[in-house]
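Okay, everyone, thanks for coming. Let me put the structure up, and then we'll walk through it together.

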Amino acid sequence: MTRPQLEISDIFRHHGQQWREHNQGHINLSQLKIMSAIENCRTEVLGGHQLYCQSCHKTHISYNSCRNRHCPKCQASSAKRWLEARQAQLLPVDYYHLVFTLPKEIADIAYYNKSIMYGLLLKTAAQTLLTIGADEKRLGAKLGVTFVLHTWGSAMTHHPHVHGIVPGGGLSLDGEKWVSSKSGFFLPVRVLSRLFRRLYLEKLAQAYQQNQLVFFGKSKQLEDEVSFTQWLTPLRKKEWVVYAKRPFAGPKAVFAYLARYTHRVAISNSRLVKSDEKDVTFRCKNYRAKASKRYRTMTLSHGEFIRRFLLHALPSGFQRIRHYGLIANTTCKKNLTKIKGLLNVKVPEVTTRELVEGKSLPPAKGIVFTCPKCSGPMIISEILLCQLKPRAPPIKRVN
């Protein structure tokens, strides 16, 4: 008999309450919501429905998902829907993978200024790429890029960086032709790194002057303007990591990559090895080691494991997947239509007859349930109500 897969939710359910009690006053509302959502995901607490199979007459209970973007169980379906919505954006060209990383010194204060500094990371990386791409000495073209923010390393430590997916070319500056990059080479990494460093530090200094940053702990001294200026000085000379991987092997490989990266959380259930009364053991990767010694296991106490997981809670409403340049949401459809015309990509035409017959319409949004035993059709026989009670509105006090 196979043992059930260990999940993040198991660790939260068994050890989360003790961790919350021990860390009262040091947990924000966003982290509490994440823990509650993961603990209750696909349990009777969130309600669900009972299904009845019309073929084998078996019943099956299906509980609702929490749909929290930090929940590892809810990300697979979210990634699938996101990818389906962007199939039309793929072009028959090489695609490149770029990584822009913040230095550790800046990452330390970024944790307390997530909305500002994560946003600057995404915007500055995009501005860097679009600026160098438009330089006539380089490519001389308008680019399009999708950036995905990740804030973790393999050991779940705080390590903010963005992954960028960009086609190997772009529209000419006059918009009349497609300009392809050299085979196997996109843009010089050193040039990207220098511009990325300068732009980010400039915008960070502006945010400081506008009192948009807060400092705690060891960084408290940076509230003094002289100290902050001295702190920035060595960062202007330090090498900032911008990494370019080899081009993808065709559009299908791009989708395979996006499926793994777009909706990833700090750690997936598949990386968990075991959990006992004291510790959690999981698989991780040491990128500095040789390939043969790169993979290893790490053991943390339950409290430290939960703390590291919650380090990566994103601010409410923060968009961690963003599109820039040619595929920015406002102009994406228009630009892609023009690019596909220049690349002679055939766009299927929809006739009036097909519209009438419904052949070109997407599948109905109604969910079809199939029996896990006989694959027969199942119907909902009972609705299971959510056990969580809605919060009452605040009481108005009369003076």
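Here's a warm-up while you find your bearings: which residue in β12 is the bridge partner of F282? It's M298. Before I go on, keep in mind that this is a predicted model.

So, let's stay with that pair and look at the strands around it. F282 and M298 face each other as bridge partners, and the strands involved are β11, residues 279-285, and β12, which run antiparallel and are joined by 7 bridges. They belong to an open sheet of 3 strands, in the order β10-β11-β12, with antiparallel pairing. Who's on the outside? β10 (272-275) and β12 (295-301) are the edge strands; each has a single partner, so one side of each has no neighbour in the sheet. On average, neighbouring strands here are turned by 20 degrees against each other, ignoring direction.

Now, something sits on this sheet. Helix α9, residues 302-310, packs on it and touches β10, β11 and β12. The direction of α9 makes about 110 degrees with that of β12.

And α9 has another partner, helix α1, which covers residues 8-22. The two axes come within 10 Å and cross at roughly 105 degrees, which makes α1 roughly perpendicular to α9. If you want to click on the side chains, α1 brings I8, I11, F12, H15, G16 and W19 to the contact. From α9 you get H302, G303, F305, I306, R307, F309 and L310.

Okay, next sheet. This one has 5 strands, it's open as well, and the order is β9-β3-β6-β5-β13, with antiparallel pairing. Which strands stand at the edges? Those are β9 (242-244) and β13 (321-325); each has a single partner strand, so one side of each is left without a neighbour in the sheet. Neighbouring strands in this sheet are turned by 25 degrees on average, again with direction ignored.

Let me zoom in on the β9 end. Strand β3, residues 95-101, pairs with β9 in the antiparallel sense over 3 bridges. Within that pairing, V99 stands opposite Y243 of β9. There's a helix packed on this sheet too: α5, residues 114-134, which touches β3, β5 (144-152), β6 (158-167) and β13. The direction of α5 makes about 145 degrees with that of β5.

Right, cysteines, for those of you thinking about your gels. How many disulfides does a search of the whole structure find? The count is 0. Take C371: the nearest cysteine sulfur is that of C56, 3.7 Å away, and C371 is in no disulfide. C371 counts as buried, at 4% relative accessibility. Then there's C374, also in no disulfide, with the sulfur of C53 as the nearest cysteine sulfur at 3.5 Å. C374 is partly exposed, with a relative accessible area of 37%.

Last, let's zoom out to the whole chain. We've got 11 helices and 15 strands. There are 399 residues, and 44% of them count as buried. The accessible surface comes to about 24200 Å², and 53% of that belongs to carbon and sulfur atoms. For the contacts, take residues at least 6 apart in sequence: 70% of those contacts join residues at least 24 apart.

That's my tour. Questions?

Methods:
Residues numbered from 1 in each chain as written. Predicted model: local features only at pLDDT ≥ 70, side-chain atom pairs only at ≥ 80, totals over all residues. Heavy atoms only, no water. Pairing = 2+ DSSP bridges. Helix = DSSP H or I, 4+ residues; strand = E, 2+ residues; numbered from the N terminus. Axes fitted to C-alpha atoms, helices over the stretch in contact; angles between N-to-C directions. Contact = heavy atoms within 4.5 Å. Disulfide = S-S within 2.5 Å. Buried < 20%, exposed > 50% of the residue type's maximum accessible area, 1.4 Å probe, protein only. Areas by Shrake-Rupley, 256 points an atom, 1.4 Å probe, with all protein chains shown as cover. Parallel < 35°, antiparallel > 145°, perpendicular 65-115°, else oblique.
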